[in-house]
Amino acid sequence: EEVQKVFNTYGGESIEINLIFTEEGSRNLYLLTKANIGKPIALVIENQIIYMPMVMAGVVGGKVSICGGYSEKEIDRMIETLKKEQ
């Protein structure tokens, strides 16, 4: 539903991507994460794994953040790609 660039100053300055899923996407994300607790799950953009967090619980609410030391240029490119796929 929405892709945002966020400047995070908590624990040091960083840039991250916030994703807000539609109602259907939120439901699918919850089911996917609930079924994979304790396993890594890959976020793939342009056929490349860009983020692979360990699932700790089912994601409720349809909001996730991507962070991990990416440059602002890399973040902007990922956001552009994600917005094309909305």
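This passage describes the overall fold of the protein chain, one buried residue and the salt bridges of a predicted model.

The protein chain contains 2 helices and 5 strands, and, read from the N terminus on, these elements follow one another in the order β-β-α-β-β-β-α. The C-alpha trace spans about 35 × 30 × 25 Å along its principal axes. For a chain of 86 residues, a compact globule would be expected to have a radius of gyration near 12 Å, and the value of 13 Å found for the protein chain agrees with that expectation. When contacts between residues at least 6 apart in sequence are considered, 49% of them join residues that are at least 24 apart.

With respect to the surface, 24% of the 86 residues of the protein chain count as buried. The accessible surface comes to about 6100 Å², and carbon and sulfur atoms account for 53% of this area. The protein chain carries 9 positive and 12 negative side chains, and the centres of these two sets lie 5 Å apart.

Threonine 81 offers an example of a buried position. This residue is found in helix 2, which covers residues 72-84. Threonine 81 has a relative accessibility of 10% and therefore counts as buried, since the limit for this class is under 20% relative accessible area. Once its neighbours within four places in sequence are left aside, threonine 81 is in contact with Ile45 and Glu46.

Attention then turns to charged side chains. Side chains of opposite charge can pair when their charged atoms come close. In the protein chain the count comes to 5 salt bridges, and three of the pairs are described below, beginning with lysine 5 and aspartate 76.

The side chains of lysine 5 and aspartate 76 meet in a salt bridge with an N to O distance of 2.8 Å. This pair links distant parts of the chain, as lysine 5 lies in strand 1 (residues 2-8) and aspartate 76 in helix 2, with their positions 71 residues apart in sequence. Lysine 5 has a relative accessibility of 31%, so that it counts as partly exposed, and aspartate 76, with a relative accessible area of 35%, is also partly exposed. The pair belongs to a network of salt bridges in which Lys5, Glu72 and Asp76 are linked.

A second salt bridge is formed by glutamate 23 and arginine 27, whose closest N and O atoms are 4.0 Å apart. Because glutamate 23 and arginine 27 are 4 residues apart in helix 1 (residues 23-35), they are separated by about one helical turn. Glutamate 23 counts as exposed at 65% relative accessibility, whereas arginine 27, which has a relative accessible area of 46%, is partly exposed.

In helix 2, lysine 84 and glutamate 80 are likewise 4 residues apart, or about one turn of the helix, and their side chains meet in a salt bridge with an N to O distance of 3.7 Å. Lysine 84 is exposed, its relative accessible area being 64%, while glutamate 80 counts as partly exposed at 48% relative accessibility. Helix 2 thus holds both lysine 84 and glutamate 80, as well as the buried threonine 81 and aspartate 76, the partner of lysine 5 in strand 1.

Terms used. Residues numbered from 1 in each chain as written. Predicted model: local features only at pLDDT ≥ 70, side-chain atom pairs only at ≥ 80, totals over all residues. Heavy atoms only, no water. Rg over C-alpha atoms; globule rule 2.2 N^0.38 Å. Buried < 20%, exposed > 50% of the residue type's maximum accessible area, 1.4 Å probe, protein only. Contact = heavy atoms within 4.5 Å. Areas by Shrake-Rupley, 256 points an atom, 1.4 Å probe, with all protein chains shown as cover. Lys, Arg positive; Asp, Glu negative; His and termini not counted. Charge placed at Lys NZ, Arg CZ, Asp CG, Glu CD.
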